[in-house]
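Please look over the sequence and the model shown below before reading on. The paragraphs that follow lead through the fold from the inside outwards.

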Amino acid sequence: VQLRYGSLVNVYCTLVSLLYLCLYLTAEFSAIGDAVLALCDPADVYDAAAAGGVTDKGHRLKLGLVLGVSLCTLLYTAIGGLPVSLVTDKVQGVGIFLFTFLVCIAAFTADSGADGRSDRWEEVTTTGTGDPGATGAGGSTYGNSFKMAFILISALTCANMMHSGFQQRVWAAEDQAKLRKGAIGGILLTIPLMVLYGVVGMGSYREYGPFLFPQFPSFAGFYALNELNVGWQVCAVILTTMMVASSADTIQTGVAAIFKPFTTYVLVRDWKALPSEAEAPRTIVALNFVLAAVVVNVPAIVISTHRGDAHLSVLSLFVLADLVCATCVVPVLMGLNDRIHPSAAAAGCLAGAGTALLIYGLAVDGEPDDFKTLIPDIAGVSGLYADTSIVAFLVTPLASGLVTLAANIPWFRSGYRFEGYPPVAAESPRAGDVDKISGAEVTTA
């Protein structure tokens, strides 16, 4: 981005990436805390009169879990960098796959003995098949399903393009064949797991519908395990820890890579404040991870363990993070065309940000304005299901792209063309190689 568009767009994209990764890590830390609380005795950890609905004991448990995962992942990534993160990803990937099937199979055997289960199961299995005007069992809510699918696909596509941890791994791939093989393998593993979790959610709604929804649908399977013995609950804790740790170390190495150009070129080359990486590689690496901890880890810990009046929705955090990425992903991708001028791309990014603010500030279809649809359960509208969200994720990337094209007209007519990237060897004799200590640099930074 720096070479193609210059400092203005690069700084914007870097800030967007950092904000996205901070919110992503916040959601992950919130998830592990809430998932483990779901396995505890509700009387010990939940209290409607307490701040955030969680008792002091529950809050201490959640804080300990979040701090433990954060410090452990930060420690081993700071010591081993990207290579260690890649090794742990492989181990965690296998473990996640195996433990998911074990935990989900166990969840299917849960029996809460609650009243009304038959009616709720009929509601689950017939939703979207009945009269669109009907309510209750058989009533059609397939519109919500399509909205959620569109929002998730659009949001994740935008966000993953700005995920420096993913960029780092793509850059570090041995060759195109290995990269393609990894992408296909990820798809083949992800689809059946998501379907399985969906079925577990249906079963959990039958058992715990009134309690789980609308605030806690993300942890449906964990509530089901409350009915089983402690061995299955230990498996669920291991599964949750592996899931969060896998994402956390990817985020942390990605953030450290974002800071590497700053520490390498600004602090070392320009300011002469530090010795060169060749002279003191551990110092530069340690500084990168200290910056990552300060900028991303600490805010994520504080936000995820905050005891506010409202429950912190993991899905709403992801929606907010993905929306930020949607403001600039189209102008950045348009840089593949050598006729797009950097100033036009900057205008497109700003237009995307303005569009997102305008849509959520005003809202649509009578929904709460002043950005309230980003907060779960305001006036019965969740950020993920709100009509405002689907409009935002449809219009924001489109507006940023159209403004980029419109602003680019003068330069297009004058014959502007990007002159091309400098030879790799001219920039750095080690460019293109994976730094065995700190990992590859990423394009965002």
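**From the core to the loops**

The largest nonpolar core holds 53 residues, and of these Phe29, Val255 and Phe393 touch the most other members. Two or more residues come to this core from each of helix 2 (7-38), helix 4, helix 6 (142-161), helix 10, helix 11 (281-304), helix 12 (314-326), helix 14 and helix 15 (387-413). The most is given by helix 2, with 15 residues. Apart from this core lies another, of 24 residues, which includes Leu39, Ile96, Cys235 and Ala236. This is a predicted model, and what is said here about its packing is computed from it.

Phe393 shows how one of these core residues is surrounded: leaving out residues up to four places away in sequence, Phe393 touches Phe150, Ile151, Ser154, Ala155, Val319, Asp322, Leu323, Ala326 and Tyr360. The setting for such packing is a protein with 16 helices and zero strands, in which buried residues make up 46% of the 445 residues. Of the contacts with a separation of 6 or more, 78% join residues that are 24 or more positions apart.

Helix 10 covers residues 230-270, and its 41 residues should span 60 Å at 1.5 Å a residue, which agrees with the 57 Å between its end C-alpha atoms. Within that span helix 10 bends by about 35° at Phe259, and a proline, Pro261, follows within four residues. At the start of this helix, a side-chain oxygen of Asn229 comes to within 3.1 Å of the backbone nitrogen of Gly231, while after helix 10 comes Lys272, with a positive phi near 60°.

Helix 11, with 24 residues, reaches 33 Å from its first C-alpha to its last, close to the 34 Å expected at 1.5 Å a residue. A kink of about 40° is centred on Ala293 in this helix. Ala293 is itself one of the buried residues of helix 11, which are Ile284, Val285, Asn288, Phe289, Ala292, Ala293, Val296, Asn297, Ala300, Ile301 and Ser304. An α-helix has 3.6 residues a turn, so residues three or four places apart point the same way. The cover over the buried residues of helix 11 includes helix 2, helix 4 and helix 10.

The part played by helix 2 in this cover can be followed through Cys22, which is placed in helix 2. Leaving aside neighbours within four places in sequence, Cys22 is in contact with Val295, Val296, Pro299 and Ala300. The C-alpha atoms of Cys22 and Ala292 are 9.7 Å apart in space, although 270 residues separate the two in sequence. Cys22 has a relative accessible area of 10% and therefore counts as buried, the limit being under 20%.

Are other cysteines buried or exposed? Cys235 counts as buried because its relative accessibility is 18%, and Cys349 is buried too, with a relative accessible area of 2%. How many disulfides does a search of the whole structure find? The search finds zero. For Cys349, the closest cysteine sulfur is that of Cys13, and the 5.0 Å between the two sulfurs is too far for a bond, since a disulfide needs them within 2.5 Å.

Helix 14 (residues 342-362) also contains Leu350, which counts as exposed because its relative accessibility is 57%. The C-alpha atoms of Leu350 and Thr327 are separated by 7.6 Å, and the two residues are 23 residues apart along the chain. The 21 residues of helix 14 should span 30 Å at 1.5 Å a residue, and the end C-alpha atoms are 30 Å apart, which agrees. Ala363 follows helix 14 and has a positive phi, near 65°.

Two loop residues complete the tour. His163 lies in the loop between helix 6 and helix 7 (164-171), yet His163 is buried, with a relative accessible area of 1%. Beyond its neighbours within four places in sequence, His163 is in contact with Tyr20, Leu21, Tyr24, Thr250 and Ile251. Tyr46 lies in the loop between helix 3 (42-45) and helix 4 (56-108), and, with neighbours within four places in sequence again left aside, Tyr46 is in contact with Asp34, Leu37, Ala38, Gly53, Thr55 and Tyr223. Between Tyr46 and Asp56, which are 10 residues apart in sequence, the C-alpha to C-alpha distance is 9.2 Å.

How values were computed:
Residues are numbered from 1 along each chain as its sequence is written. This is a predicted model: local features need pLDDT of at least 70, side-chain atom pairs count only at pLDDT 80 or more; totals for chains, interfaces and linings use all residues. Side-chain values use heavy atoms; hydrogens and water are left out. Buried means under 20% relative accessible area, exposed over 50%, partly exposed in between (1.4 Å probe, protein chains only). Contact means heavy atoms within 4.5 Å. The expected span of a helix is 1.5 Å times one less than its number of residues. The bend at a residue is the angle between axes fitted to the seven residues ending there and the seven starting there. A polar contact is a pair of N or O atoms within 3.5 Å; within protein, one must be able to donate a hydrogen and the other to accept it, and residues adjacent in sequence count only if both atoms are side-chain atoms. A nonpolar core is a set of buried Ala, Val, Leu, Ile, Met, Phe, Trp, Tyr and Cys residues joined through side-chain atoms within 4.5 Å.
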